[in-house]
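Student: Please give me a close look at the salt bridges in this model. Once we have them in view, carry on to the other sites worth a visit.

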Amino acid sequence: MVTISPSLLSADFLDLKTDLERLNSVDNLWLHLDIMDGHFVPNLTFGAPVINKLNTVTKHSLDAHFMVTNPDFYAEAFRDLGIHNFTFHWESITHHDRFIQKLKEIYPSVGISLNPSTPLSAIPKYLLGKIDLVLLMSVNPGFGGQKFIPEIIDKVIELDKIRFDHKFNFQIQVDGGINDQNAGYLIQAGANNLVAGNYIFSEPNKDYLLRINKIR
Ligand code: DX5
Ligand code: ZN
């Protein structure tokens, strides 16, 4: 089954507790946390104190997506927050192998994210064998509610083929502009973890299960 990872960025920040409780009634979700530092992307979100609090309410695994210029700092600073998956941007660092080794010692799941314009060939095959997730951005990172870039579907197909050919186990996660119109194509292409913010949280009656089921 495809895992859906609702992005908290589009939740009601004045009533996060209620939104988190609503998501608790849905199974097989991750909770996607977009950590932005105002440098790697032109936006700033939330940090450790907020994550600490929301982890007392949510029952879902925390899926942290770091859009920051210094993920090494966050790997240390956020180590005791109960984060399940730590995804960093390939573009943000130089010593990928060393950093992945470090993350594997701290976090149960480690992911690499690629901006839309970063090709799959940027990641050497041997590193793909060491990680748990590849996040393909289907918008330019920084903001929720942007338009899906359809060319990413071909990137998912290409990555799925690499995964199959090398018997790799990583999940393929796609993030940005996902809705009931494009989710089917992504799943068919090989994606098994879809992040969705605006589409889920804009449901007029806050019936998030309805939108999650439409994606599934
Ligand atoms: C964008 C973030 C996404 C975003 C997804 O930089 O990484 O997780 O919140 O939101 P939607 O689904 O609204 O594009
Ligand atoms: Zn994200």
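Tutor: Let's begin with the term itself: a salt bridge here is a side-chain nitrogen of Lys or Arg within 4 Å of a carboxyl oxygen of Asp or Glu. What you see is a predicted model, where local features need pLDDT of at least 70 and side-chain atom pairs count only at pLDDT 80 or more, while totals for chains, interfaces and linings use all residues. Residues are numbered from 1 along each chain as its sequence is written, chains are lettered from A and ligands numbered from 1 in the order in which they are written, and side-chain values use heavy atoms, with hydrogens and water left out.

The structure contains ten salt bridges. One of them pairs Lys 59 with Asp 27, at 2.8 Å from N to O. Lys 59 belongs to the loop between α2 (48-54) and β3 (61-67) and Asp 27 to the loop between α1 (16-24) and β2, so this bridge ties together parts that are 32 residues apart in sequence. Helices (H or I, at least four residues) and strands (E, at least two) are DSSP runs numbered from the N terminus. Lys 59 is partly exposed at 47% relative accessibility, whereas Asp 27 is exposed, at 52%. The cut-offs are under 20% relative accessible area for buried, over 50% for exposed, and partly exposed in between (1.4 Å probe, protein chains only).

Asp 72 and Lys 102 form another bridge, their closest N and O atoms 2.6 Å apart. This pair links distant parts of the chain, with Asp 72 in helix α3 (residues 71-77) and Lys 102 in helix α4 (residues 96-106), 30 residues apart. Asp 72 is partly exposed, with a relative accessible area of 34%, and Lys 102 is partly exposed at 23%.

A bridge within one helix joins Arg 163 and Asp 160, 2.9 Å from N to O. These two residues sit three residues apart in helix α6 (residues 152-165), so about one helical turn separates them. Arg 163 is buried, with a relative accessible area of 12%, but Asp 160 is partly exposed at 26%. Back at Asp 72, salt bridges with shared partners connect Asp 72, Glu 76, Arg 79 and Lys 102 in one network.

From there, turn to the metal. The zinc ion (ligand 2) has as its protein donors His 32 (NE2), Asp 34 (OD), His 65 (ND1) and Asp 175 (OD), 2.1 to 2.3 Å away. Donors are N, O and S atoms within 2.8 Å of the metal (3.2 Å for Na, K and Ca); water is not among the atoms, so sites may look incomplete. Along the chain, the zinc donors are spaced as H-x1-D-x30-H-x109-D. His 32 in strand β2 (residues 30-36) and Asp 175 in strand β7 (residues 171-175) link distant parts of the chain, 143 residues apart. Both of these residues, His 32 and Asp 175, are buried. The six donor atoms around the zinc ion (ligand 2) subtend angles of 71 to 168°, which makes the arrangement octahedral; for six donors, that term requires opposite donors over 155 degrees apart and all others between 65 and 115.

One zinc donor brings us to a last stop, since His 65 is among the contacts of Thr 87 beyond four places in sequence, which also include Asp 63, Gly 111 and Leu 133. Contact means heavy atoms within 4.5 Å. Thr 87 lies in strand β4 (residues 83-89) and is buried, with a relative accessible area of 1%.

Terms used. Four donors count as tetrahedral if all angles lie between 85 and 135 degrees; four count as square planar and six as octahedral if opposite donors are over 155 degrees apart and all others between 65 and 115; anything else is irregular.
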